[in-house]
Amino acid sequence: MTDATPGTVRLRETLESIPRYVAGKPATEQPGRTTYKISSNENPYPPLPSVLDVVREAMQTMNRYPDIGTVALREAIADRFDVDPDQVATGTGSVGLLGTLLQITSGPGDEVVHAWRSFEAYPIVVGLSGATGVPVPLTGDARHDLSAMADAVTDRTRLIIVCTPNNPTGPAVRQDELEAFLARVPSDVLVVIDEAYLEFNRDPEAADALAVWRSRPNVAVLRTFSKAYGLAGLRVGYCIAHEQVASALRTAAVPFGVSHVAQQAAIASLAAYDELDERVRALVAERDRLLIGLRDLGFEVPDTQANFVWLPLGDRTPEFAAAAEAAGVVVRPFAGDGVRCSVGEVEATDRLLEVAHSWSGAGGA
Ligand SMILES: *Cc1c(COP(=O)(O)O)cnc(C)c1O
């Protein structure tokens with residue numbers, strides 16, 4: 001007879017300390033009006049017709065496994081960014097690649113330096129690897145404190161993650177500060193530059209991560225098709241790295257992780273980038289309207305180079321999130337810290353500005 005009690009198998013202890021990924025809430029339905037989800041930094045535009053056509057075609061063969069080597073996609077990426085296909089690895093979103101980056105660099109006893117607050121997936125992937133996360137607080141203006149991050153590097157550091165523009169706060173890392181930082185990092189420590197929001201970045205002083213990568217063997221650039229390219233639901237991202245790292249990423253990748261549909265959609269999206277870029281430009285304009293509107297209302301909003309704005313509301317975070325939800329816009333609260341609002345439909349921006357207006361009228365801002 002079996003008398004197994006639930007929950008008695010031995011799992012890795014590290015699981016106990018791993019925070020859960022809190023996904024942005026979906027828009028709540030309200031009678032008589034459209035509600036908006038601006039909680040996950042998604043692209044509000046529907047897929048391009050040309051990309052949808054390619055996806056429909058690719059679905060015809062979904063009884064088959066995809067190309068395990070993602071050769072055509074890696075070639076398309078290589079072609080577009082003037083790198084070698086051997087210097088490209090793909091994954092199930094850049095989050096998938098982050099997990100693999102941890103697997104190839106870090107384990108128990110090792111340290112991973114990253115800014116905080118930053119992308120919430122970092123503590124999760126670091127925790128799962130068994131390595132120790134070394135979160136380095138942002139500066140007062142919500143930027144990476146790269147000199148403190150360099151100070152945090154020890155003999156145990158195996159990986160450093162730089163998120164630019166930073167999710168959820170918005171500012172981008174500048175070229176001069178990145179150069180000064182990298183000059184202080186030992187050449188055997190991998191530095192991953194997470195550029196999920198690259199396409200929205202308009203800071204003229206922003207770091208050119210790809211150019212930096214070309215001259216530094218210990219740098220890798222992580223990018224995604226989820227944001228500007230609008231393929232969040234298909235799960236595909238890529239890493240541009242020197243061959244040693246790129247090859248290790250391909251070795252450690254989940255076999256067949258990136259579906260044929262995702263590979264084909266990504267290739268079609270690279271080809272249609274001019275069309276996508278029009279949307280990106282519209283989103284950047286909308287972002288600037290939101291940022292200026294909020295600042296005019298007295299909110300202290302840090303610079304943003306991404307498709308979202310950050311409201312550092314501290315303890316009043318849940319209150320603001322509830323007010324926004326009542327007005328039909330679902331934002332992403334980070335308890336005790338602030339609210340991240342993605343740039344979505346024009347009507348969503350209008351609604352959010354109305355909420356902010358009432359809030360500041362009530363002495364909130
Ligand atoms: C959204 C985001 C990603 C991309 O995630 P995917 O897994 O590619 O969808 C990566 N890094 C940051 C900082 C992000 O905000």
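## The pocket and its lining

Let's start with the walls: helix 3 gives the largest share of the lining of the largest pocket, 3 residues. This is a predicted model, in which local features need pLDDT of at least 70 and side-chain atom pairs count only at pLDDT 80 or more, while totals for chains, interfaces and linings use all residues. Residues are numbered from 1 along each chain as its sequence is written, and side-chain values use heavy atoms, with hydrogens and water left out.

The lining counts 28 residues, and Tyr21, Ser40, Val95, Phe119 and Lys227 lie nearest the pocket's centre. Helix 3 and strand 11 (332-334) are the elements that give two or more residues to this lining. (Helices are DSSP runs of H or I with at least four residues, and strands are runs of E with at least two, numbered from the N terminus.)

## The ligand's surroundings

Where does the ligand sit? Its place is the largest pocket, meaning that more than half of its atoms lie within 2 Å of the pocket's grid points. Around the ligand are 14 residues (a heavy atom within 4 Å), and Ser94, Tyr197, Thr224, Ser226 and Lys227 come nearest. Helix 3, residues 93-105, supplies the largest share of this shell, 3 residues.

## Polar contacts

Here are some pairs of N or O atoms within 3.5 Å. A ligand nitrogen atom lies 2.7 Å from a polar side-chain atom of aspartate 194. One ligand oxygen atom is 3.0 Å from a polar backbone atom of valine 95, and a ligand oxygen atom is 2.6 Å from a side-chain N or O atom of arginine 235.

Methods. A polar contact is a pair of N or O atoms within 3.5 Å; within protein, one must be able to donate a hydrogen and the other to accept it, and residues adjacent in sequence count only if both atoms are side-chain atoms. On a 1 Å grid over the protein atoms alone, a cavity is a set of points where a 1.4 Å probe fits but cannot get out, and a pocket is an open set with protein on both sides within 12 Å along at least five of seven lines; lining residues have an atom within 4 Å of a point.
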